[in-house]
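User: Could you take a close look at one helix in this model for me, and then walk outward from there to the rest of the fold? I'd like one connected read.

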Amino acid sequence: MTLQAPSSVIMVRPHAFRSNPETRVDNAFQSVLPLTDAEVAALARDEFDAAVARLRNAGVTVHVFDDTSNETPDSVFPNNWFSTHAGGHVAVYPMFAANRRRERRWDVIDMLKQDYRVQDVIDYSGLEADDLALEGTGAMVLDHAERVAYVARSKRADPVLLERFCTHFGFEPIVFDAVDAAGAPVYHTNVLMGIGTAYALVGLGLIPNEARRSTVASRLAEPGREVIDLSSDQIANFAGNAIELTGRDGPLLVLSARALASLHDDQINIISRSADLLPLDLPTIETAGGSARCMIAGVHLARR
């Protein structure tokens, strides 16, 4: 595994999945299916199980936790409430929507402590009482190798808390505004960009400030990465919501089938030079406004 591409992940199997009404206010990627809640939840579970099987077949270690609560419609997206870091560090985050705060579960942290080398857990979640949010690797796209945290400004990425995280974990923050085709702020940075080892996917056109756009592009390219510029249409199809993992035969770019279908041949060729593409079929889960990357919490820790 590389610093950027873990070989183990944590995923949460949902039982009451649905498009979360509490997050629709700022998540333009959400939609509602003309089905009952039970039908939507069943479809989401099937998609989840198929995704886990594909990842395991590719040699990725997947730790699955079941969520049986009826009060956590977004629990399938665990990357927002915790993250792990080389050297044995874990962060737990405060969430913006009240019902998302119920997704945190300490059995996940206990498993990490049991199976991996965990030196410390820094818990920021108490800052929810002050209406502060920093939604993990949704709000931040982390370059683990270059120690840079890319962050699109939003209600889900408080600047004071971001500075505190970056000081604790040794990242340099690069903050910018990003808006979608309708002019609405992008709610999470990880729908805008994904960083691999040898390439980066990013919707540069969604960053209106030319200087910040140039800074983001140049810093992504600095270690020799090829920067793949995504269109607003590709971003809307979740092409930026991808994660590089390490499988049995090397690096994988995990993304949704919808995202892959939106990529051009030249973009696919760039990725394929260093990673195999692993598409997951997620049409129901994507109605909640997140895709493959949101479902996967990478484990950047050494095994015991």
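**Helix H2 and its surroundings**

Analyst: Let's start with helix H2, which spans residues 106-115: Val 108, Ile 109, Met 111 and Leu 112 are its buried residues. Those four cover an arc of only 155° around the axis, which puts them on the same side of H2. In general, an α-helix has 3.6 residues a turn, so residues three or four places apart point the same way.

A few ground rules before going on. This is a predicted model, in which local features need pLDDT of at least 70 and side-chain atom pairs count only at pLDDT 80 or more, while totals for chains, interfaces and linings use all residues. Residues are numbered from 1 along each chain as its sequence is written, and side-chain values use heavy atoms, with hydrogens and water left out. As for terms, buried means under 20% relative accessible area, exposed means over 50%, and partly exposed is in between (1.4 Å probe, protein chains only). Helices (H or I, at least four residues) and strands (E, at least two) are DSSP runs, numbered from the N terminus. The arc is taken from the directions that run from the helix axis to the C-beta atoms.

So what does the buried side of H2 pack against? Its partners are strand S1 (8-14), strand S2 (61-67), strand S3 (82-85), strand S4 (89-92) and strand S5 (120-123), where contact means heavy atoms within 4.5 Å.

Helix H8 (residues 265-272) makes a nice companion, with Gln 267, Ile 268, Ile 270 and Ile 271 buried. Looking down the axis of H8, you'd find these buried residues within an arc of 155°, so they line one face of the helix. They pack against strand S10 (199-202), strand S11 (226-229), helix H6 (232-236), strand S13 (250-256), helix H7 (257-262) and strand S14 (276-280).

Back to S2 for a moment: Val 60 sits in the loop between helix H1 (37-57) and S2. Val 60 is buried, at 3% relative accessible area. Leaving out residues up to four places away in sequence, Val 60 touches Ser 7, Val 9, Leu 55, Leu 245, Thr 246, Gly 247 and Leu 252. Along the chain, Val 60 and Asp 249 are 189 residues apart, and their C-alpha atoms are separated by 10.0 Å.

Another long jump in sequence involves Thr 287, in the loop between S14 and helix H9 (292-295). Thr 287 counts as buried at 7% relative accessibility. Its C-alpha is separated by 8.1 Å from that of Arg 18, with the two positions 269 residues apart along the chain.

Next, Gly 194, which has its place in strand S9. Gly 194 counts as buried at 6% relative accessibility, and it touches Ala 200, Leu 201, Gly 240 and Ala 242, again not counting residues up to four places away in sequence. Gly 194 and Arg 156 are 38 residues apart in sequence, with 18 Å between their C-alpha atoms.

Now for the empty space. The structure holds 3 cavities of 30 Å³ or more, and the largest has a volume of about 160 Å³. Here a cavity is a set of points, on a 1 Å grid over the protein atoms alone, where a 1.4 Å probe fits but cannot get out, and lining residues have an atom within 4 Å of a point. The largest cavity is lined by 17 residues, of which Gln 4, Leu 142, Ile 195, Ile 243 and Arg 293 lie nearest its centre. Strand S6 (140-143), strand S9 (193-195) and strand S12 (243-247) are the elements that give two or more residues to that lining. By class, the lining has 8 nonpolar, 7 polar and 2 charged residues.

Two loop residues have unusual-looking backbones to check. Asp 131, in the loop between S5 and helix H3 (136-139), has a positive phi of about 60° although it is not a glycine. Asp 131 is exposed, with 67% relative accessible area. Arg 147, in the loop between S6 and strand S7 (148-152), also has a positive phi of about 60° without being a glycine, but Arg 147 is partly exposed at 30%.Last, the cysteines. With a disulfide defined as a pair of cysteine sulfur atoms within 2.5 Å, the count comes to 0. The sulfur of Cys 166 is 19 Å from the closest cysteine sulfur, in Cys 294, too far for a bond. Cys 166 counts as buried at 5% relative accessibility, and Cys 294 is buried too, with a relative accessible area of 2%.

Methods: On a 1 Å grid over the protein atoms alone, a cavity is a set of points where a 1.4 Å probe fits but cannot get out, and a pocket is an open set with protein on both sides within 12 Å along at least five of seven lines; lining residues have an atom within 4 Å of a point. Grid points are joined across faces, edges and corners, and a volume is the space filled by probe spheres set on the points. Ala, Val, Leu, Ile, Met, Phe, Trp, Tyr, Cys and Pro count as nonpolar, Asp, Glu, Lys and Arg as charged, and the others, Gly among them, as polar.
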